[in-house]
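Q: Got a minute to go through this one with me? I'd like to chat about what its coordinates show.

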Amino acid sequence: MSILLTTLNARYTHASLGLRYLLANMGELQEQTRLQEFVIGAKTTEIVERILAYSPRIVGFGIYIWNVEESTKVIAMLKRVAPHVIVVLGGPEVSYESNEQEIVKISDYLITGWGDVTFPKLCGEILNGPKPLMKTHAGVQPPMADIKLPYSLYTDDDIKNRTLYVEASRGCPFKCEFCLSALDKTAWPFALDAFLAEMESLHARGARLFKFVDRTFNLNIKTSLKIMQFFLDKLEANPDDPVYAHFELVPDHLPDALKEGISKFPHGALQFEIGIQSFNPAVQTLVSRKQDNQKAADNIRWLTEQSHAHMHVDLIAGLPGETVESFAEGFNKLWALNPHEIQFGILKRLRGTPIIRHTQEYGLVFDPYAPYTILANRDIDFATMQRLVRFARYWDLVANSGRFTNTLPVLLGDTAFEHFMAFSDWLYANTDATHRIALERLVAMVGKYLHVRGMDKLDAEALLASDYAGPKTKAVETPAPKRQARRLAA
Ligand code: SF4
């Protein structure tokens, strides 16, 4: 065996689409190529041992923000115990500002950008000569029709137990400066019929959960409608064995035809991830994010009121020019629109993103280690940023978990951000923990807090008990079928 493709996924349930693309496009080298995935947190020695068990001549590593630290250790050990093994890197984390990276220094070759064509070509040269002269190879972007689709490489085990990532297009035409996709400048669709034929065969093999990684699913409405119709047909034909689809939407582009399609989906069949990021027009202009806030708000309201889609809406704290007060305003505005989940993210400086042009003026200070989270800026000092980080963590535990649906409105009162921030500060002061808070303890702490805030102890307990007793929660209003719900929680 000559070539091993590998990566460290964030979780076992995440099956790497990138590696499968590479394997699908290996051409005549495919027979001598294997794929082996690992999960972050595994022992470095065990990973190296398992890699070497394949006796590979080349190991291709997929490097992402979540695995760069551990992959660096794996490669350092691999090169010590088996210096003859050639290491080729690829992936978004090593595609920009690569020269300064330790992982690049200790590896043999690097492919930046798209690897579908360049990886097999480089492997061929390494194996058969002439030996490549350059260490870094800019990935060639072929016509989309030349890229072999990888979906048949999802194994039966993947289909049964893991999230299946699929993409009908790559890239994004927008230019939000904090996002790596801003560098694409456009989106490139795959041939739709060929793509849907692959979805058909995945479905026939038992796949029921399809997670689209397209950055903007609703860019081309004709395409979106055709993809949605594919799922509607499946739902109609197999109502007792439904499919579930996850898409990322831009919030201010929901024409009537799309709304009509969306409204046909029953409960538990559709999930949208919607990026708002900031409702502050000045911040949006600063980071080159084009968004019609009124349309975005109207569309989110329409989705919550008129569709059965489960909605997960993203906000980012720490953007240049965003104060705590303006972020709070946006948060409260979003909370009033009633999405099922608010994903409260903290700004990260992804390698290659243009957000750093604001570093001086807005005093942006980022953690030098992955995931490069912002630590402070001109408007939010380090201590306050840490309060926001804890808010985000506790928000996941209390609000997004769907376990406190009856209690949450009481906890949040009429100003969600301010009340939850007060709760977050109190919880941290009284537990000194942001992780590993067992549910029972969390429930007890919420009850204690409500009592501290003046609520009768028995009333607080009764309120929490009503959540425990199987409330109709925001998170389960649109339950996915059990098997899917389990996978969605991945
Ligand atoms: S944040 Fe979304 S819309 Fe903006 S560039 Fe990234 S993927 Fe595109």
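Q: Is D425 buried or exposed?
A: In between: D425 has 26% relative accessibility, so it counts as partly exposed. The cut-offs are under 20% relative accessible area for buried and over 50% for exposed, with partly exposed in between (1.4 Å probe, protein chains only).

Q: Before we go on, what kind of model is this?
A: This is a predicted model, where local features need pLDDT of at least 70 and side-chain atom pairs count only at pLDDT 80 or more, while totals for chains, interfaces and linings use all residues. Residues are numbered from 1 along each chain as its sequence is written, and side-chain values use heavy atoms, with hydrogens and water left out.

Q: Okay, back to D425. Which residue forms a salt bridge with it?
A: R387 does, and the closest N and O atoms are 2.6 Å apart. A salt bridge here is a side-chain nitrogen of Lys or Arg within 4 Å of a carboxyl oxygen of Asp or Glu. D425 lies in helix α16 (residues 416-431) and R387 in helix α14 (residues 382-400), so the pair ties together parts that are 38 residues apart in sequence. R387 is partly exposed too, at 29% relative accessibility.

Q: How are helices and strands assigned?
A: They are DSSP runs, numbered from the N terminus: H or I with at least four residues for helices, E with at least two for strands.

Q: How many salt bridges are there by that rule?
A: The count comes to 21. One of them joins R351 and E97, with the closest N and O atoms 3.9 Å apart. That pair links distant parts of the chain, 254 residues apart: R351 sits in the loop between β14 (341-346) and α13 (359-362), and E97 in the loop between β4 (86-90) and α4 (102-105).

Q: And R351, buried or exposed?
A: R351 is buried, at 10% relative accessibility, whereas E97 is partly exposed at 27%. Both belong to a salt-bridge network that links E93, E97, E100, R349 and R351.

Q: Switching topic: which residues surround the ligand?
A: C172, F174, C176, F178, C179, S181, A182, R215 and R289. Being near means having a heavy atom within 4 Å. The shell divides into six nonpolar, one polar and two charged residues. For that split, Ala, Val, Leu, Ile, Met, Phe, Trp, Tyr, Cys and Pro count as nonpolar, Asp, Glu, Lys and Arg as charged, and the others, Gly among them, as polar. C172 is buried, with a relative accessible area of 8%.

Q: How many disulfides does the structure hold?
A: Zero, taking a disulfide as a pair of cysteine sulfur atoms within 2.5 Å.

Q: Now the strands. Why is β11 largely enclosed?
A: Six of the six residues of β11 (residues 244-249) are buried, so the rest of the structure largely encloses this strand. Y244, H246 and E248 are buried on one face, and A245, F247 and L249 on the other.

Q: Which strands pair with β11?
A: Strand β10 (residues 209-212) pairs with β11 in the parallel sense over three bridges, and strand β12 (residues 270-277) does so over five. Pairing requires at least two DSSP bridges between the strands. Y244 in β11 is the bridge partner of L209, and Q271 in β12 is that of H246.

Q: What connects β11 to β12?
A: Helix α9 (residues 256-263), in a right-handed β-α-β unit. Right-handed means that, with the strands pointing away from the viewer, the path from the first strand over the helix to the second runs clockwise.
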